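Me: Got a minute to go through this model with me? I'd like to start with the inside and then move to the surface.
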Amino acid sequence: MSLRVLVGCKRVIDYAVKIRVKPDKTGVVTQNVKHSMNPFAEIALEEAVRLKEAKLASEVVAFSCGPAQSQETLRVALAMGADKAIHVEVDDATAEKMEPIHVAKMLAKIAADEKFDVVLLGKQAIDDDANQTGQMLAGFLDWPQATHCSKLESEDGTFKVTREIDGGLEQIKVKLPAVFTADLRLNEPRYATLPNIMKAKKKPLEKKTPADFGVEIKPSFEILEVSDPPVRQAGIKVPDVATLVGKLKEAGKI
Ligand code: AMP
């Protein structure tokens, strides 16, 4: 097989950063905060690169829509093994307003126009936890979708997919072209090594705008308020089980 694979690589606040809410409660602080590739997108990209290494894929294209710095995310994708990157650049204010539907529309246009066979995305982006882009994309393209994949196996021109569902694993067979979204256990992504980061600088990175895909980034909802989770109250220590039961009864918990 010589599949063409498109991978969505969103730049998000690094998973290890402690998130701070802006004083005016309109969002979270993103300035001067470490960002990196969304961890589930990294897993999607790793899977795409493995398809190429297994000679099932002929080309892996990494896509990112975001501010100028998203180029750094795409350079990491190229260093991990993508052949080419597409950066849809938007300013910071537009990036904050961007929703999965806008990204799905752009990906749909690329996937259809450039005849991709597989689109691999993360199951969710850890910033907004939307878990919507893959599903919307499959809808726009009218392609089959396999979300939350924990195993992908090529079988006679189709893919056998294992999905982690409540209480067990589900196996389904998916015809191509199709959209797949990666769950945590699909693989362990490789690190981008320094020599590969250097080599990635020579790989092609195309720059686009949302207008090139006929997409206008107009929000469909308004954020009323973003607030910190409630602070947990300090607990108390009890000397024995009888006191514990007494306290729980007092509090109406049992
Ligand atoms: P979401 O639906 O926002 O939770 O995102 C799910 C997945 O869609 C992510 O893991 C990415 O693979 C992809 N995705 C979402 N937004 C973008 C973006 N702005 N640029 C590239 N890929 C994206």
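Me: Which residues lie nearest the centre of the largest cavity, and how many line it?
Reply: This is a predicted model, to begin with. The lining of the largest cavity has 28 residues, and Lys10, Asn38, Val103, Ala125 and Thr133 lie nearest the centre.

Me: What volume does the largest cavity have?
Reply: About 350 Å³. The count of cavities of 30 Å³ or more comes to 1.

Me: Which helices and strands each supply at least two residues of that lining?
Reply: Two helices, H4 (100-113) and H5 (133-141), and two strands, E4 (57-66) and E6 (118-122).

Me: And how do the lining residues divide into nonpolar, polar and charged?
Reply: The lining has 11 nonpolar residues, 11 polar ones and 6 charged ones.

Me: Stepping back, how many helices and strands does the protein have?
Reply: There are 7 helices and 11 strands. The C-alpha trace spans about 70 × 45 × 40 Å along its principal axes. Of the 254 residues, 41% are buried.

Me: Now the surface. Which residues form the nonpolar patch there?
Reply: The patch consists of Ile236, Val238, Val241, Leu244, Val245, Leu248 and Ile254. Together they have about 600 Å² of accessible area.

Me: Where does Leu244 lie?
Reply: In helix H7, which covers residues 241-250.

Me: Why does Leu244 count as partly exposed?
Reply: Because its relative accessibility is 38%, and partly exposed covers the range between under 20% for buried and over 50% for exposed.

Methods:
Residues numbered from 1 in each chain as written. Predicted model: local features only at pLDDT ≥ 70, side-chain atom pairs only at ≥ 80, totals over all residues. Heavy atoms only, no water. Patch = residues over 30% accessible without salt bridge, like charges linked within 9 Å, V, L, I, M, F, W, Y side chains within 5 Å. Areas by Shrake-Rupley, 256 points an atom, 1.4 Å probe, with all protein chains shown as cover. Salt bridge = Lys/Arg side-chain N within 4 Å of Asp/Glu carboxyl O. Helix = DSSP H or I, 4+ residues; strand = E, 2+ residues; numbered from the N terminus. Buried < 20%, exposed > 50% of the residue type's maximum accessible area, 1.4 Å probe, protein only. 1 Å grid on protein atoms, 1.4 Å probe; cavity = no way out; pocket = protein on both sides within 12 Å on 5 of 7 lines; lining within 4 Å. Points joined across faces, edges and corners; volume = space filled by probe spheres on them. Nonpolar A, V, L, I, M, F, W, Y, C, P; charged D, E, K, R; others polar.
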